[in-house]
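Hi there,

Here is the structure I promised to pass along. Have a look at it first, and then read on for what turned up.

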Amino acid sequence: MNYDRIILELLDRVSSLEEEVKELKRNQNKVKDYQNDTNVNNDFGSSRDSYGRDTTKFILDGKRYGKGKLVHAIVDKYVSLNPNITASQLMLTFDRSLQGSYGVVRTLDDVKVNCSDYSRRFFTSPEYIIHTSTEDCVVCSQWGTFNIGNILARADQLGIEIQIIK
């Protein structure tokens, strides 16, 4: 057995994992910064309606969006940049942990079977259906200040630039 080679491979793996941890920490800080910026008691002037809800708007490719439609636009843009993507690949790219219990993207068939109020929780109108190379998918519409930062960080990882308007 060549222990020198094994040790070098392990050192490479450790180095790679350290880089991944640094990236995760950077993304976590971006999420925290967004959450702090949109806190009800902040001094940054985030948009709040009369009920105290965050109404911050976002700009992607020159168009203005609220949180839910922004997420749809991010997923739609990613699919347009990757036209041969499968539903499985899309759901891995926008994994469930970014949103919470509903997930970011699910197949249309899945939500019809497993989510009784899917038409309220997902963008299901024909113009909002995401067409992948394998199945039609839908994007979750349930976004707030505590999970939108996750998708903003993922968009940044994917090279999708978003401007926040407060």
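**The cysteines**

C115 counts as buried, with a relative accessibility of 5%. Please keep in mind that this is a predicted model. C140 is buried as well, at 0% relative accessibility.

So what about disulfides: how many does the structure hold? The count is zero. As a reminder, a disulfide is a covalent bond between the sulfur atoms of two cysteines. For C115, the closest cysteine sulfur is the one in C140, and because the two sulfurs are 8.4 Å apart, they are too far from each other for a bond. The cut-off used here for a disulfide is a sulfur pair within 2.5 Å. Seen from the other side, C140 is in no disulfide either, and its nearest cysteine sulfur is that of C115.

**The sheet and a helix**

There is also an open sheet of three strands, in the order β2-β1-β6, and the pairing is antiparallel. Its edge strands are β2, residues 63-65, and β6, residues 163-165, each of which pairs on one side only. On average, neighbouring strands in this sheet are turned by 30° against each other, ignoring direction.

If you zoom in on β1, which covers residues 57-60, you will find three bridges joining this strand to β2 in the antiparallel sense. I59 has R64 of β2 as its bridge partner.

Lying across β1 and β2 is helix α2, made of residues 67-81, and this helix runs at about 20° to β1.

Happy browsing, and best wishes!

Definitions and conventions
Residues are numbered from 1 along each chain as its sequence is written. This is a predicted model: local features need pLDDT of at least 70, side-chain atom pairs count only at pLDDT 80 or more; totals for chains, interfaces and linings use all residues. Side-chain values use heavy atoms; hydrogens and water are left out. Buried means under 20% relative accessible area, exposed over 50%, partly exposed in between (1.4 Å probe, protein chains only). Two strands pair if DSSP finds at least two bridges between them. Helices (H or I, at least four residues) and strands (E, at least two) are DSSP runs, numbered from the N terminus. Axes are lines fitted to C-alpha atoms, for helices over the stretch in contact, and angles run from 0 to 180 degrees between N-to-C directions. Contact means heavy atoms within 4.5 Å.
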